[in-house]
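Got the model open in your viewer? Let's walk through it one selection at a time, starting with a single pair of side chains.

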Amino acid sequence: MPPGYDPSRRRRTTPAARGRDARHEDGPGHTARRADGRGGGMTTPDVRARGLAAPLAGWLPEQRWFAGKHRTVRTVTPVSCVALVETEPLLDHVVVEVAYAAGAPDRYQLLLGYRRQLPEKLQHVRIGAVDDLVAYAGLWDDVLAEELLRLLDSGAVRGGLRFRPEAGAAIPRGEPSRVVDVEQSNTSVVYDESAILKLFRRLTPGRNPDVELNRALRRAGSEHVAELLGEVEGELLGDTVSYAMVSAYAANSAEGWAMATASVRDLFAEGDLRADEVGGDFAGEAERLGEAIAAVHADLADTLGSTELDRAGYAELSTGMIGRLSDAVGVVPELAPHADALRTEFAAVAGLTDACPVQRIHGDLHLGQVLRTPTSWLVIDFEGEPVKPLAERLLPDSPLRDVAGMLRSFDYAAEHLLVGDTADDHQLEFRAQEWAARNRKAFCTGYAGAARVDPMRHAALLRAYELDKAVYEVVYEATHRPAWRSIPLRSIARMVAAGS
Amino acid sequence: MSETVVRPVPDEHEGSHVTADGQVTHPQPADYRSARSLPTDPHWFKRAVFYEVLVRAFNDSTADGCGDLRGLTAKLDYLSWLGVDCLWLPPFYASPLRDGGYDISDFYQVLPEFGTVEDFVLLLDEAHKRGIRVITDLVMNHTSEAHPWFQESRRNPDGEYSDYYVWSDADERYPEARIIFVDTEESNWTYDPVRRQFYWHRFFSHQPDLNYDNPRVQEEMLSVLRFWLDLGIDGFRLDAVPYLFERDDTNCENLPETHAFLRSVRKVVEDEYPGRVLLAEANQWPTDVVEYFGDPDVGGDECHMAFHFPLMPRIFMAVRRESRFPISEIMQQTPAIPSGCQWGIFLRNHDELTLEMVTDDERDYMYGEYAKDPRMRANIGIRRRLAPLLDNDRNQLELFTAMLLSLPGSPILYYGDEIGMGDNIWLGDRDAVRTPMQWTPDRNAGFSQANPGRLYLPPIMDAIYGYQTINVESQLNSSASLLHWTRRMIEVRKRHPAFALGDFHDLGGSNPSVLSYLREYKGHADPADEDSPEIHDVVLCVNNLSRFPQPIELNLRQWEGWVPVELSGLVPFPPVGELPYLLTLPGHGFFWFQISARDEGT
């Protein structure tokens, strides 16, 4: 997951781009059918899926959520095939194992639709042909998307898949749907304004924390999550896996990132007003956001338990931070001038003795993970940092890590408009920092007012978490968006200078 | 106006009189001619564009420096041209004028400088001739201390009027009732040295509250109502309606007794004067205000209309914050209203921009943003006109007016805002926004022939908003003027019943700086007429609250295949497809679309 927030991630795939994809996929599809050499009468999902192996090998790397883009795909093998809808249009749930030229294989789940004739509006998600059937990405089909909710509503069990509605949840039916294909690890279907289905594309053994934490928060009656309506889970080759979750859709909501950056834009447009004097001031929102995050943390601690960081815990934390720093300096040499100061900061964490709680947290909190609705702030995407292994994401951690994540995000919101600003405007830089300082403070005030832990009373730990996050951001930006690496680098320089 | 009407001396028999034995007698409607009536239409107020006009400020026909009823009558053609359906006149009754006429000393007499009851009937008649209705304020809660009822009540504690007001030996009862005019009043009780008791007043101490626990007071007020309705008036704005009754251990607002009395008032209107309206002035949260519509099962049995107070400050807040949430929040908190009812919405009126219905934080914010000079503040509010509040920015003036004309409710324009008049914060109390209407660049802004020194208030004369720059005459001569623009928008609004009668659906969308909503009406073109054609009118309104250009992606899936047609020029936009509908708006820009079933362009 990108640090701070990455607006480009949310960009919609244009129909034109999809058209290109579809043409590209056509070739291998036909080749596969001829190679397979089988005629009609392919009636089982397994047979259909095997017939698609070759086109899928071409189709998968084109998908936004496919993580193996930089690796060479060797084989695509269906390991689980379940028919979900057996009248045309057909819907198969297929898990494929993707083997690469090197390294461990990945497993992805696909929802494959089949029709004899593909309507024009589904051409852009065509995958290939198997006999007289055309296979396509089934989520884009209104009819099939609706079938998924019907299965959930009825609590269906199909093969190893269990559709489980939450107790008392009303599953909406008959709404038009649209696919939101902008996430790096998921595909979502939004049912008009009532529900959102999130399909976890890459499968790993174990329960997805997003389902688990949303369920815990729903039971705690939290007003800061969208209501969990149900999940799809099951057994895959002996392991329990989470396939999908369905939540109430937060209609009329906007991302915290969009609201924060609107405020920064407003500030930059004012000649000489201070951050607290402009109409677009965000501090009130930031404070309420702090309160919301604190309430979420409190509910998670109450329902899933909490302990305190002990000496060993601090030592482990410190070791982890130092380790990540060493790796990072190896990748981004620009970090080297700050390495000693950072190492000293991180080493000092081992000596901390404050009583600081550890509990289940969000794990990847930033302004793109919070939604403003007309009634409250909502927190979404409790999956934790996707680059970490699942087992690690389930471990208790300090809520200060979430606080630090949000503080870093305020810094990003303030600075991102200045990326590529060749004028190197010191005045704007000063005002950006003024905005960040004001909103970080407001967020902490809101958080402290509603939380059991006041972030400012653990200043050293909070700072270490922030620096740790900033180091991670430098590496991420250097790899993905080199122009943006100035944001975390400057933050590190500022924080180090202020600390010495 | 050039014509100067010479008015006869007011009839000395006009108005109420006190007889030698202390009886207060009132005139009867039969003493006067009645205005012609308009066809009975039970829903007219749902579609009407209202215009609040201060008689004093609009047009002076007698060259005495003060506007009057005949002056207003002479300007009806202008209001008709603008597209106004109903005039709202603040009180024009006899009054010592210590509270802008809300301190009434005789409900049966017109303030002499405004004219006579006959002049009022003439105004009604001429307005009705043009299809324009007229409503006025009725202050039910209190009278002026100069009212003969109060004078008799204080003079004779055992007489007929002794219980017309709320008297007490001590000043401690009803401690939970808040003080409304915090700038001037310290208590809701004031000692009267004549009667040697305290009297109750929710507003100024010179405005004693009537005692509604006395059935005779209730009867008296119904008689006042009937008097004006018989002359032909189209309805009343019931001023300060939540405060009619007092009860121990309550805040003395919104009491059940008050609602019961309103039901009896409504019954009189329903039975004897169908088609006339009651508009509640209750500066409360929408959830409390809906109580003033009455029983939803019968379509409402108290007031037909109520002001939506909390919406207005939030429109200002939303634009300054460049965020739709202040508006989305209050719309979400606004409950459904009975089928026979309508909200009244406004941007500005003759009072300060009231900030009672916002949190303390929000009030500080509004002061900081819109009333930087302390003189701009009055009570809990801001005393400024629309144009100066918006820095005279034409784009924002249009955006605000577009929202006023498209959010749910009947819009109420404030006189002069259609030309972008300014204010004068150096005038006392709320007079800043009550200066003479600016008709021409001539002497006294064309408002009066009087010697400039005689005017009730000086016209605005500064370089930006002064009458030489801002006036009706010059704006009539320029088709690009705010006045012409406002008129065109009113016209567009009237072509689409969805604006007046449609449901409201907040579309949200990806961009927090853009407020988008659908108004949808399905039903008879005239809801009161089962024989009128069935129509389905859908309007999409998109407002950019930011000063910067903004994109917005809207989920219009429900309208796939339909065509948005922009309403000012009828240009068809690309049809709605499966993907979110993308629009781009200039800074503070807005769009009104009709969602049209077929692509009528080629």
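**Stop 1: a pair in chain A**

Select R164(A) and E233(A): they form a salt bridge, with the closest N and O atoms 3.9 Å apart. Now colour by secondary structure. R164(A) sits in strand β7 (residues 161-165) of chain A and E233(A) in strand β11 (residues 228-236) of chain A, so this pair ties together parts that are 69 residues apart in sequence. Over all chains, the structure holds 74 salt bridges. Keep in mind as you go that this is a predicted model.

**Stop 2: two backbone oddities in chain A**

Zoom to E88(A) and P89(A), which are joined by a cis peptide bond with omega at about 0°. P89(A) is in the loop between β1 (73-85) and β2 (90-100) of chain A. Next, jump to D381(A), which has a positive phi of about 55° although it is not a glycine. You'll find D381(A) in the loop between β17 (377-379) and α10 (390-393) of chain A. As background, most residues other than glycine have a negative phi, and most peptide bonds are trans.

**Stop 3: the domains of chain A**

Give each domain of chain A its own colour: domain 1 is 7-138, domain 2 is 147-248 and domain 3 is 254-499. Now hide everything but domains 2 and 3 of chain A, whose centres, taken over C-alpha atoms, are 29 Å apart. Where they touch, 24 residues of domain 2 of chain A are in contact with 20 residues of domain 3 of chain A. Together these two domains of chain A bury about 1,700 Å², with 59% of it on carbon and sulfur atoms.

What holds a charge across this boundary? The rule finds three salt bridges between domain 2 and domain 3 of chain A. To look at one salt bridge up close, select K198(A) and E383(A), where the closest N and O atoms are 3.3 Å apart. Turn on polar contacts as well: across the interface of domain 2 and domain 3 of chain A there are eight residue pairs, both at pLDDT 80 or more. On the domain 2 side, the elements giving two or more residues are β10 (195-200) and α5 (209-219) of chain A. Of these, α5(A) brings the largest share, seven residues. Colour that side by class and you get nine nonpolar, nine polar and six charged residues.

**Stop 4: chain B as a whole**

Switch to chain B, with its 17 helices and 24 strands. Its C-alpha trace spans about 80 × 55 × 55 Å along the principal axes. A compact globule of 602 residues would have a radius of gyration near 25 Å, and chain B, at 24 Å, agrees with that.

**Stop 5: inside chain B**

Colour chain B by domain: domain 1 takes in 17-140 + 215-490, and domain 2 is 501-596. The contact draws 26 residues from domain 1 of chain B and 28 residues from domain 2 of chain B. Between them these domains of chain B bury about 2,100 Å², 63% of it on carbon and sulfur atoms. Two salt bridges are counted between domain 1 and domain 2 of chain B. Select R547(B) and E322(B) to see a salt bridge at 3.2 Å, N to O.

Now show the helices on the domain 1 side: α1 (44-47), α10 (311-321), α11 (325-332), α14 (394-406) and α16 (482-495) of chain B each supply at least two residues. The largest share, eight residues, comes from α14(B).

**Stop 6: where the chains meet**

Stay on R547(B) and bring chain A back. Which residue of chain A does R547(B) meet in a salt bridge? Select E270(A): the distance is 3.1 Å, N to O. In total, four salt bridges are counted between chain B and chain A.

Widen the selection to the whole contact, with 28 residues from chain B and 30 residues from chain A. The area buried between the chains is about 2,400 Å², of which carbon and sulfur atoms give 45%. For your last selection, pick F325(B), N555(B) and R557(B): they supply 24% of the area that chain B buries against chain A, more than any other three residues.

Technical notes
Residues are numbered from 1 along each chain as its sequence is written. Chains are lettered from A and ligands numbered from 1 in the order in which they are written. This is a predicted model: local features need pLDDT of at least 70, side-chain atom pairs count only at pLDDT 80 or more; totals for chains, interfaces and linings use all residues. Side-chain values use heavy atoms; hydrogens and water are left out. Domain bounds come from an automatic or database domain assignment. Contact means heavy atoms within 4.5 Å. Buried area is the accessible area (1.4 Å probe) that two parts lose on being put together, summed over both. A salt bridge is a side-chain nitrogen of Lys or Arg within 4 Å of a carboxyl oxygen of Asp or Glu. Helices (H or I, at least four residues) and strands (E, at least two) are DSSP runs, numbered from the N terminus. The radius of gyration is taken over C-alpha atoms; the globule rule is 2.2 Å times the number of residues to the power 0.38. A polar contact is a pair of N or O atoms within 3.5 Å; within protein, one must be able to donate a hydrogen and the other to accept it, and residues adjacent in sequence count only if both atoms are side-chain atoms. Ala, Val, Leu, Ile, Met, Phe, Trp, Tyr, Cys and Pro count as nonpolar, Asp, Glu, Lys and Arg as charged, and the others, Gly among them, as polar.
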